[in-house]
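Hi,

Here is the structure I promised to send over. Have a look at it first, and then read on for what turned up.

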Amino acid sequence: MLFNENNEVIKNIEQKAVLVGINNGKDDISIKDSMEELKELAIAAGAVVLDSIIQNKSKIDPAYFIGKGKVDEIKLICNALDANMVIFNDELSESQIRNLEEKLEITIIDRTTLILDIFASRAKTKEAKLQVEVAQLRYRLPRLIGLGRSLSRTGGGIGTRGPGEQKLELDRRRILDKISDINRQLKEIQKNRKVQRAKRKRNQIPIIALVGYTNAGKSTLMNKFLSLNLQKLKDKKVYSENMLFATLDTYHRRIFLDDKKEFILMDTVGFVSKLPHHLIESFKATLEEVKEADLLIHVINSSNKNYDMQRKVTNKVLKELGVLNKPMIYAFNKCDIALDNICYPDKNSISISALTGYGIDKLIDMIKEYLFKGIKKYKMIIPFEKGNIYSVLCDKTKVYNVEYKENGIHLETDLDTALYNRYKQYIISS
């Protein structure tokens, strides 16, 4: 599909693509695996992949990115396969795109444009749409086609006096104004998020963030937790699909366990190798919500042969956000179709299947160990006139041995540190 500047579909045509990559030995992932990932991205964007071409080249050609001879070879392949698009595995400069399109007489797309297009088609909320749009504009700004400084008529001296700004300058100004306007809108949304965060802090409910590579199964795991919830919350399930970047939005859901313990579960956008810098910058405010989490669950697709590379890519982004030192559980998902000989990084690792439910009970036990290890059982007396406190305890804790006596309601209950500090005057023993 093709999109206009408002991300609206303007034409639906079959996109037949040839993929091109360079093997320079400098990437963390092998060129073969990187091209396979590019193929999945292309399919996710709606393209039909006809062929994949790799050139071993240590130095990038400034004019064509690949060698001129390889360009001629690609042209023959595209003509033979009737391809209408070539997708490169790296980010290209505007001059490289222009030179390649003139030489190949075909549409040229780089990896960044491809990922931005997927994000544009998958964004649902207003915030996600704005974040994608500002990333697209930042990517487009230095790639405006024109004659550079020679187009300017706003300076001083011979040859600079004339009709005023030309199209290139007007386009740049329009894009900069648009970026400023979007950033203002995003700041307003971020203000509302800060209010919501402050409310969650006041309620002292622990927060868990699901992080991981795209298509690791984070949304499926969230839905599995939601299925354990009260019936009234089952309509809060999030969209999940076996594809790259199925969801882009950050979701918060309140999870109630069978012993009345609760926490906020946060689903976040997935990562990918060579994630465009513009996207990381645009989504940084959303990703920084991870900083508020008390615990991270790093979901890993254990059925992917590159699972360890994906784990390292995610950890690299978490390190950039300054949250890699937070408590973390490595949840090796899709164990029902997992590879053999998985190497677990530490004792805080677990095999699960978010789809079948295998290992979820053990994962919940690990969560309780991290979040609720300060909970102790206390004996309390709640005065009858403080019946609202008894209601809160019944709602938020597991209450045992309730007796009604002359001086109030006698009970035993589990209290965490927050509830202990709030109601310690009613405690008679532990």
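Before we get to individual residues, one cut-off: a residue is called buried when its relative accessible area is under 20%, exposed when that is over 50%, and partly exposed in between. Phe65 comes in at 7% relative accessibility, so it counts as buried. Keep in mind as you read that this is a predicted model.

How far to trust it

The mean pLDDT of the protein is 82, and 85% of its residues reach 70 or more. Over residues 146-164, though, the pLDDT is below 50. That stretch still has 19 contacts in the model beyond near neighbours in sequence. Where pLDDT is low, the predicted coordinates should not be read in detail. Ranked by element, strand 2 (residues 9-11) has the lowest mean pLDDT, at 47, while strand 11 (residues 328-333) has the highest, at 95.

Two odd backbone angles

Back to Phe65, which sits in the loop between strand 4 and helix 2 (68-81). Its phi is positive, about 70°, although Phe65 is not a glycine. Most residues other than glycine have a negative phi. Glu105 shows a positive phi too, near 55°. You will find Glu105 in the loop between helix 3 (94-104) and strand 6 (107-109). Is Glu105 buried or exposed? It counts as exposed, because its relative accessibility is 64%.

The nonpolar interior

The largest nonpolar core has 75 residues. Which of them touch the most other members? Those are Val86, Ile87, Phe88, Ile108 and Leu114. A second core lies apart from that one, with 27 residues, among them Ala216, Met222, Val299 and Ile367. If you want a single residue to click on, try Phe88: leaving aside neighbours within four places in sequence, Phe88 is in contact with Val20, Leu38, Phe65, Ile66, Leu100, Ile108, Ile109, Asp110 and Arg111. So the Phe65 with the positive phi turns up among the contacts of Phe88.

A loop residue further along

Tyr426 is in the loop between helix 12 (417-423) and strand 16 (427-429). Tyr426 counts as buried because its relative accessible area is 13%. What does Tyr426 contact, leaving aside its neighbours within four places in sequence? The list is Lys379, Met380, Ile381, Ile382, Pro383, Lys386 and Ile389. Met380 is 46 residues from Tyr426 along the chain, yet their C-alpha atoms are separated by 5.5 Å.

A nonpolar patch on the outside

On the surface, Val48, Leu50 and Leu81 form a nonpolar patch, with about 200 Å² of accessible area together. Leu50 belongs to strand 4 (residues 47-56). At 32% relative accessibility, Leu50 counts as partly exposed.

Salt bridges

How many salt bridges does a search of the whole structure find? The count is 12. Side chains of opposite charge can pair when their charged atoms come close. A few to look at:

- Glu73 and Lys70 form a salt bridge, with 3.2 Å between the closest N and O atoms. Both residues lie in helix 2, three residues apart, about one turn of the helix. Glu73 is partly exposed, at a relative accessible area of 35%, whereas Lys70 is buried, at 16%.
- Glu105 pairs with Lys75, the closest N and O atoms being 3.8 Å apart. This pair links distant parts of the chain, 30 residues apart: Glu105 is in the loop between helix 3 and strand 6, and Lys75 is in helix 2. Lys75 is partly exposed, with a relative accessible area of 27%.
- Arg174 and Asp171 meet through their side chains at 2.9 Å, N to O. They are three residues apart in helix 6 (residues 167-203), so about one helical turn separates them. Arg174 counts as exposed at 51% relative accessibility, while Asp171 is buried, with a relative accessible area of 17%.
- Asp308, Arg311 and Lys312 are linked in a network of salt bridges.

If you open just one spot, I would pick Glu105, with its positive phi and its salt bridge to Lys75.

Cheers

Conventions. Residues are numbered from 1 along each chain as its sequence is written. This is a predicted model: local features need pLDDT of at least 70, side-chain atom pairs count only at pLDDT 80 or more; totals for chains, interfaces and linings use all residues. Side-chain values use heavy atoms; hydrogens and water are left out. pLDDT is the predictor's confidence in each residue, from 0 to 100. Helices (H or I, at least four residues) and strands (E, at least two) are DSSP runs, numbered from the N terminus. Contact means heavy atoms within 4.5 Å. Patches are made of residues with over 30% relative accessible area and no salt bridge: like charges are joined within 9 Å, nonpolar side chains (Val, Leu, Ile, Met, Phe, Trp, Tyr) within 5 Å. Accessible areas come from the Shrake-Rupley method with a 1.4 Å probe; for residues, only the protein chains shown count as cover. A salt bridge is a side-chain nitrogen of Lys or Arg within 4 Å of a carboxyl oxygen of Asp or Glu. Buried means under 20% relative accessible area, exposed over 50%, partly exposed in between (1.4 Å probe, protein chains only). A nonpolar core is a set of buried Ala, Val, Leu, Ile, Met, Phe, Trp, Tyr and Cys residues joined through side-chain atoms within 4.5 Å.
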